[in-house]
Amino acid sequence: MTTPMRNRLSAFTFLLVLVLAVTLRPAPAHAQDGGQADSARVPIRLAGPDELGPRTAYGEVPDSLLNLRPSDLPSFARGAPWLYAHKELYVTFDDESGSVVAVLHHIVRIKVFDASAREASVVSIPWYFDQEMEQIQELRAATWHPDGSRVALADSGRRVINVNARYNIMEFTMPDVTDGSVLEYSYKVRRRYIQELPEFYFSHPVPTLLAQVSVEYPAYLRYAASVENFPGGGSPEHRVERVDTSSVPRVFTFERPEPVTLEHWTARNLSAVREESYITSVDDYRAQVHFQISEFGLPRQPLENSWEFVVAELRRKQDILGRIASYDRARKLGAEIALAAGGGEAARDSIYRYLNGRVNYSGSSRASSAQGDSLVLEGVSADQAAINQTLTAMLRGAGIEAWPLLISTRTSGQLNRSFPSFYQFNAQLTWAADGDSSVIMDASFPHAQPGLIPVPMYNQTGLLLRGEDYQWVSTNPSGSVFAIDIQLEGELLPNGDLRGRVEASSAGYPKQTIRRRLSEGALPEEVIRQALFEGYGEISLSGSTLEGADDYDRQVRMRSEFRIPGYARSFTDALEYPPMVVGYLMSNPFESSSRDLPVTLDAPERLNLAYEIHLPDGWRAAGREEGGRSLELDGAWLQEEYRLEGNTLRYGYDIDISRIKFRKEQFPQLIRLYERWVELSNSAWQIHRN
């Protein structure tokens, strides 16, 4: 870390300790009153002390909402079974034993038009429980009926669900929900970490009529707001209020405290942001606002928020590199394995294979772990970060450059590099130098190999934590693919049976599946049946062989002879058979031909299919044209080739989807490629007697 950065960080820490150690008091008359909240670019008005606090009171649902009917809704919301009628967050700050805590006052009102939509009745409130950062307080909830009666939620109806190492969810089902009900609930969250506030979502999977967030600032604090994904590239209504809370007469000889500053962001009439298949997280596309501390102290001083500060805090508090350096047992074991393997890539692969085959993954992912290497090496249940910290230490023991790579999983959304925050990270991989390139690994992924990471971890970008610096790297390892190459030679018999021989090679995720099946005791014939002929009720295989499953440098190769009884449908003078014997896709993975969000596929796909089908003597292929056709878009293509030589049909399909991310404007072309794949898989060809 450079000296100027240390100085800036020390100044920030000093200011933070100074304010947290002093009981809150009104700012002196000369205190700063600048910053984003007071910018001349937003409307500022004077208000009275009665305007402090949330604008909406729990338990006072207006008749207009109780009597709201679907026909009263604006066009964008009509047809919705339920919607957010009102959602409000009001943020204040308290002194708690000499420390400052943020108090987040939430109130939500949901209008239900169709009570059969059960998702409207189930409420989930997340909170950050790790290190007691947040606490939920004063939860109240009730269902209102159009006649003004209401049914309160019983305390026994609440339940706590653990999501991961950081978050819990308070979940409850609203009572006695009927058509026309209004669901109202309010609660407070006390948050000890004030450098940033939880994101506030304006839009939801259903329409939103009104959403507002307000911050009531103490004299010593201001936040910078970052708005994302607002419809049309716009922004919510933003205004600032000055509230005079003083009882001191307005006489120039009397010193008066500064007015309280309020900042509001308000959005109205937002369309639903519905979750679709093949996305990272729907939260990546919802209109939202983030808050990060920008001024602090008395008088307030501007603070520089940057990834340099985040990394410095990460090194100081999480000490990931220090933990890895302390893993003596892992480092020594890595050196021993490397010596036996002869060093280089063989040493890396041997270390990975050793650890991957012994760990006991708990299923929990996090950015850092305090678990030791001995626990990991002894097979004690361990989280992903502990396992990969151990892998990094073993590789270093072998003399291989290796560093931790911090990422956000797909379910948590993509990293927002414009909003520096350690709390965006919830998983850790291992990065290792590989000659002039590099390889990314996850030793917690069962039966994997270097370069093959779980699909949830395949999320575009990660932060590489080096010795004295950091670097953004792409987390799209070339080994994380669905790759299969199949060559099939078959003979179609007059009775409709198809017999022949198939050879196939696969890499990436299919190879990992094969390794898993073999570890479970499956025979080569069973593996080949599942990998190539799944879906055939009656099929016989013989002479099945499988090679290279445990060799990281080779694709796994499968060979087998097969016979499929009744493969072709028999008519009086014709046989009808599906041309795509293996490699088929029987249904489209996309539910709809229209789409609102970009596409994020699981991983790149490479499928090469080559068929050679010999027809029975005295039969001919009707209507088979030689040549080919192709479909292509940026990052994906499908190529078809057909050739008829005597009574032999030779044809093939190459499908190559080299990217995982496609803009929604590309979706019509992308879905057409999948539709063609499905069309070929479900088509039937006819051959006739001469």
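This is a short talk on one sheet and one helix pair in a predicted model.

Confidence comes first. The protein chain averages a pLDDT of 90. Of the residues, 90% score at least 70. Residues 1-40 are another matter: there the pLDDT is below 50. That stretch still has 68 contacts in the model, beyond near neighbours in sequence. Where pLDDT is low, predicted coordinates should not be read in detail. Please keep that in mind when you look at the N-terminal stretch, residues 1-40.

Now the sheet. It is open, with 3 strands in the order β4-β8-β7. The pairing is antiparallel. Which strands stand at the edges? They are β4, residues 122-128, and β7, residues 158-162. Each has a single partner strand, so one side of each has no neighbour in the sheet. On average, neighbouring strands are turned by 25 degrees against each other, direction ignored. Take β7 and β8 in particular. Strand β8 covers residues 167-173, and the two pair over 5 bridges. Within that pairing, Val160 sits opposite Met170 of β8.

On to the helices. Helix α5 is residues 328-341, and helix α8 is residues 384-397. Their axes lie 6 Å apart, and the packing angle is about 50 degrees. That angle falls outside every parallel, antiparallel or perpendicular range, so α5 and α8 count as oblique. Their crossing is right-handed.

What meets what between them? From α5 come Ala330, Arg331, Leu333, Gly334, Ala335 and Ile337. From α8 come Thr390, Ala393, Met394 and Gly397. By class, this contact has 6 nonpolar, 3 polar and 1 charged residues.

Key. Residues are numbered from 1 along each chain as its sequence is written. This is a predicted model: local features need pLDDT of at least 70, side-chain atom pairs count only at pLDDT 80 or more; totals for chains, interfaces and linings use all residues. Side-chain values use heavy atoms; hydrogens and water are left out. pLDDT is the predictor's confidence in each residue, from 0 to 100. Contact means heavy atoms within 4.5 Å. Two strands pair if DSSP finds at least two bridges between them. Helices (H or I, at least four residues) and strands (E, at least two) are DSSP runs, numbered from the N terminus. Axes are lines fitted to C-alpha atoms, for helices over the stretch in contact, and angles run from 0 to 180 degrees between N-to-C directions. Angles under 35 degrees count as roughly parallel, over 145 as roughly antiparallel, 65 to 115 as roughly perpendicular and the rest as oblique. A crossing is left-handed if the near helix is turned anticlockwise from the far one by less than a right angle, and right-handed if clockwise. Ala, Val, Leu, Ile, Met, Phe, Trp, Tyr, Cys and Pro count as nonpolar, Asp, Glu, Lys and Arg as charged, and the others, Gly among them, as polar.
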